[in-house]
Amino acid sequence: MPASPSTARALNDRLALRLLQQQGPLTAGQLKQLTGLSRPTVADLVDRLTAAGLITVVGESGEQRRGPNARLYGIVAGRAHLAALDVRTEGVLVLVSDLLGRVLAEASAPIGGDTGTGPAVEQAVAAVERAVKEGGADRLHTVGIGAPGLIDPATGDLRDSAGLPAWHRSLVAALQDRLPGAGVTVENETNLAALAEQREGAARDRDTFVLLWLGHGVGAAVVLDGVLRRGASGGTGEIGFLPVPGTSALPSATDCDGGFHSLAGAAAVVSLAAECGLPALGTADGPVDGEADGPADGPGVVRAVRGTADEPEAARVVRGALARGSAADERFLRALADRIAVGAASVVAVLDPGCVVLGGEVGRAGGAVLAGLVGERLRRMSPLATEVRASGLGGTAVLRGALLTARERAQDELFGAPER
């Protein structure tokens, strides 16, 4: 059946707004060319979207073209303000942006492990309020949160998980109470990192890939045919529980020790470094700060990489090995790559994604060198052609994914409004 006039208007408006979002300011003539709509129809939708406060004149197409046809229309960036949160066991990172995703302010709140639930939540919420104020926003339209743990697919709530701070689950309710009118959504951090890699990072040319998260724990996010797959219980990618060779026991329903976590989790990485004879952190032979500046003696290893003092010990161990490039360091990196490849090979055997992206603090620290070593080992283990890539977004992946999610939710609501 043909669309009703109101439905047709809404579809045309949404199409025009998406084009303005993706390509930036456009003239009415350019909108006509890109949409295939008639000139009167484009003129009507421009008037309609302008009256709704969604677009405005932001300039002219060129000095040689004056008049109505030369006006450039753009989305009103201040029509809505968004917040993105990266919630971690040790604190929270926050950014506030406009409707176009331009970052207006950032904040952080370190939260100690011995902090009670109430004070911890207050510190996190205060960081959000501080960023909102610094960003010049009157109120937030949408808040996107990335957190470790399982998200209940039926309710969208963060499920109670052993080992995670209690304040994580209380934060969502507190934000909803302190930010009236704002829509608050929470998603698993690895899933958000994958969405960001798909849109802006290492997997922009891939509709199907797996993000392997290597941090304090291990996990994976699965994107098939352009769609993030969460599973029946929200547990797709919980590969820390994957039984693998090389561990002393099997995991249980409540404890991933004995699973892939025991091979590639942060504690296992630090232990492996000690077994390979790497120097303790903080010694004269420890990590070196600075940009990569050339090849070392071993293949594919660089002498110096940028590190940060506050990143997890496992990530600093990997950076240190890359910085020094000794025989022991290369032995450690290859042993680590062998372990990571065990988990990657299991995922590849089931999903055949064609591409695995290494993310998380350890994956980020290893960069292209570690990705290359894992890819080399994987080619010997699996008959399925699989490219292994380093994260293209580094430590910003979760925040970028949370912001993209908040932005899409806000735009879905706002862009569907004009139907007059």
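This is a walk through the model, one selection at a time.

Before you click anything, know that this is a predicted model: local features need pLDDT of at least 70, side-chain atom pairs count only at pLDDT 80 or more, and totals for chains, interfaces and linings use all residues. Residues are numbered from 1 along each chain as its sequence is written, and side-chain values use heavy atoms, with hydrogens and water left out.

**The whole chain**

Start with the cartoon view of the protein chain, which has 12 helices and 12 strands. Both kinds of element are DSSP runs numbered from the N terminus: helices are H or I with at least four residues, strands are E with at least two. Of the 420 residues, 50% count as buried. Here buried means under 20% relative accessible area, exposed means over 50%, and partly exposed is in between, using a 1.4 Å probe and protein chains only. Now think about contacts, meaning heavy atoms within 4.5 Å. Among those with a separation of 6 or more, 62% are between residues 24 or more positions apart.

**Helix 4 against helix 5**

Select residues 117-134 for helix 4 and 167-178 for helix 5; they pack at about 50°, with axes 9 Å apart. The axes are lines fitted to C-alpha atoms, for helices over the stretch in contact, and the angles run from 0 to 180 degrees between N-to-C directions. Helix 4 and helix 5 are therefore oblique to each other. For the cut-offs, under 35 degrees is roughly parallel, over 145 roughly antiparallel, 65 to 115 roughly perpendicular, and the rest oblique.

Turn the view and you'll find a right-handed crossing of helix 4 with helix 5. The handedness goes like this: left-handed if the near helix is turned anticlockwise from the far one by less than a right angle, right-handed if clockwise.

Now show side chains. On helix 4, pick Thr117, Ala120, Val121, Glu122, Ala124, Val125, Val128 and Glu129; they meet Trp167, Ser170, Leu171, Ala174, Leu175 and Arg178 on helix 5. Sorted by class, this contact has nine nonpolar, two polar and three charged residues. (Ala, Val, Leu, Ile, Met, Phe, Trp, Tyr, Cys and Pro are nonpolar; Asp, Glu, Lys and Arg are charged; the others, Gly among them, are polar.)

**Leu164**

Next, click Leu164, in the loop between strand 6 (142-147) and helix 5. Leu164 is partly exposed, with a relative accessible area of 25%. Leaving out residues up to four places away in sequence, Leu164 touches Thr89, Pro148 and Gly149. Draw a distance from its C-alpha to that of Arg88: the two residues are 76 apart along the chain, and the atoms are separated by 9.0 Å.

**Gly183**

Move on to strand 7 (residues 183-188), where Gly183 sits. Gly183 counts as buried, at 13% relative accessibility. What does Gly183 touch, not counting residues up to four places away in sequence? Look for His141, Thr142, Val143 and Arg409. The C-alpha atoms of Gly183 and Val143 are separated by 6.1 Å, with their positions 40 residues apart along the chain.

**Helix 8 and its two partners**

Select helix 8 (residues 266-275) and helix 9 (residues 313-324), which pack at about 40° with axes 8 Å apart. The crossing of helix 8 and helix 9 is left-handed. Ala266, Val269, Val270 and Ala273 of helix 8 meet Glu313, Ala314, Val317 and Val318 of helix 9. That contact divides into seven nonpolar, no polar and one charged.

Keep helix 8 and add helix 10: their axes come within 10 Å and cross at roughly 140°. This crossing of helix 8 and helix 10 is right-handed. From helix 8, Ala268, Val269, Leu272, Ala273 and Glu275 meet Phe332, Ala335, Leu336 and Arg339 in helix 10. By class, the contact of helix 8 with helix 10 has seven nonpolar, no polar and two charged residues.

**Two positive phi values**

Go to Asp225, in the loop between strand 9 (218-224) and strand 10 (227-229). Asp225 isn't a glycine, yet has a positive phi of about 50°. At 65% relative accessibility, Asp225 counts as exposed.

Then try Asp352, between helix 10 (327-351) and strand 11 (355-359). Its phi is near 50°, also positive in a residue other than glycine. Asp352 counts as partly exposed, at 43%.

**Last stop: cysteines**

How many disulfides are there? Zero, taking a disulfide as a pair of cysteine sulfur atoms within 2.5 Å. Select Cys256, buried at 18% relative accessibility, and then Cys355, buried at 0%.
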